[in-house]
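Q: Please take a close look at one part of this model, the place where the two chains meet, and then follow it into the packing behind it.

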Amino acid sequence: MKTIIRSFVVSMLLMAVTLAGGFNVKATGSQTFSFMDKMGRNQATFFSTTMLEDISGMSTDVTGNVTFDVEDIESTLEGEIIISTASLKSGIDLRDEHIKSADWLDAEQFPEITFKITDVKSLNEVKENMLTARVTGEFTCHGVTKEVYSDVTLTYLVESEMTKMKMPGDLLGVRAKFNIKLSDFGVQHMALGKKVADNIEINVNIIGSNKM
Amino acid sequence: MLTGLIIIAAALLFWLTNGAEIFTKTAVLVEKQDELFGTAYKEWENKFIPGLDITAAFAVLSIFTSSVLIYLFKNKRKESI
């Protein structure tokens, strides 16, 4: 009896470990999800808080793609997310112009803000086909590239009548959160740390399809 | 003068009850629910939120108008005497 219980527990643990490494879906092997969103649903938001004021803004021009083996995400996940610098909006037109100007992010010279995945760790299954992980990547902003860590949630939805209303194919929802220091990326402005926080919180919330 | 003070007080009250923002906003981020993924996402919503900039400008304009009116009334009273 003891042997049966022990082997059951071991097999359950092995199953949990196997499932935590990937998604339990029909699709097999390497899958590429493209984040080409025509509806403007994909978004990257930023938040700055100072004594003077809180600034929140958003870009809906977020594209890119990720590729991974559905059974082994941790060692196969790779891809890049691209945010158009010129698409950043903060709710005040004049401030948006400042953000894009050469004094701040210089959208003309550096039109893209990118995040390229380099490593995945601590993959954990939250619920069926929803995984969390700590993703390391090369974040490029204002022409400077630095390594950043991001807590990421990946949600895999198999194609259904519901998902077809949004996009064709299986869908992958990606939510990522990380912080950067603008001064680390060569942004030097007298208002930095006063009107605009040096530490900026970035949240990415995007949906991709493997049939685009 | 009293009318001017009431207008300034009303403008400040309007500013305070509308978020007390430093700068005037024409759009705000509102949270929406993505039922498919069960997550929240944000959308821009056109909304006018007066900032301290526009409220201060309005207050200065009220003070100026009140001062001009007080000056004109005083002069008129002097002329009539």
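How much area do chain B and chain A bury between them, and what percentage of it is on carbon and sulfur atoms?

A: Happy to. This is a predicted model, in which local features need pLDDT of at least 70 and side-chain atom pairs pLDDT 80 or more, while totals for chains, interfaces and linings use all residues. Residues are numbered from 1 along each chain as its sequence is written, chains are lettered from A and ligands numbered from 1 in the order written, and side-chain values use heavy atoms, without hydrogens or water.

Chain B and chain A bury about 1700 Å² between them (accessible area lost on being put together, 1.4 Å probe, summed over both). Carbon and sulfur atoms carry 64% of that area. Chain A brings 25 residues to the contact and chain B brings 17 (heavy atoms within 4.5 Å). On the chain B side, B:Leu36, B:Phe37 and B:Trp44 lose the most area to chain A, and together they make up 39% of what that side buries.

Now to the packing. The largest nonpolar core (buried Ala, Val, Leu, Ile, Met, Phe, Trp, Tyr and Cys joined through side-chain atoms within 4.5 Å; buried is under 20% relative accessible area, exposed over 50%, partly exposed in between, with a 1.4 Å probe and protein chains only) has 49 residues. The members that touch the most others are A:Phe23, A:Phe68, A:Phe139, A:Tyr156, A:Leu172, A:Ile180 and A:Leu182. Strands of chain A that each supply at least two residues of this core include S4 (62-69), S5 (78-84), S6 (112-127), S8 (144-157) and S9 (171-181) (DSSP runs, numbered from the N terminus: E of at least two residues for strands, H or I of at least four for helices).

Take A:Phe23 as an example. Leaving aside residues up to four places away in sequence, its contacts include A:Phe68, A:Val70, A:Ile73, A:Leu154, A:Tyr156 and A:Leu172. A:Asn129, A:Met130 and A:Leu131 are also touched by A:Phe23.

Apart from the largest core lies another, of five residues, and here the interface returns: its members include B:Phe37 alongside A:Leu157, A:Met167 and A:Ile207. B:Phe37 is also one of the three chain B residues that lose the most area to chain A.

Two backbone details in chain A round off the picture. A:Asp106, in the loop between H3 and S6, has a positive phi near 50° without being a glycine. A:Ser122, in S6, also has a positive phi, about 55°, and is not a glycine either. A:Asp106 is buried at 12% relative accessible area, whereas A:Ser122 is exposed at 55%.

Notes:
Buried area is the accessible area (1.4 Å probe) that two parts lose on being put together, summed over both.
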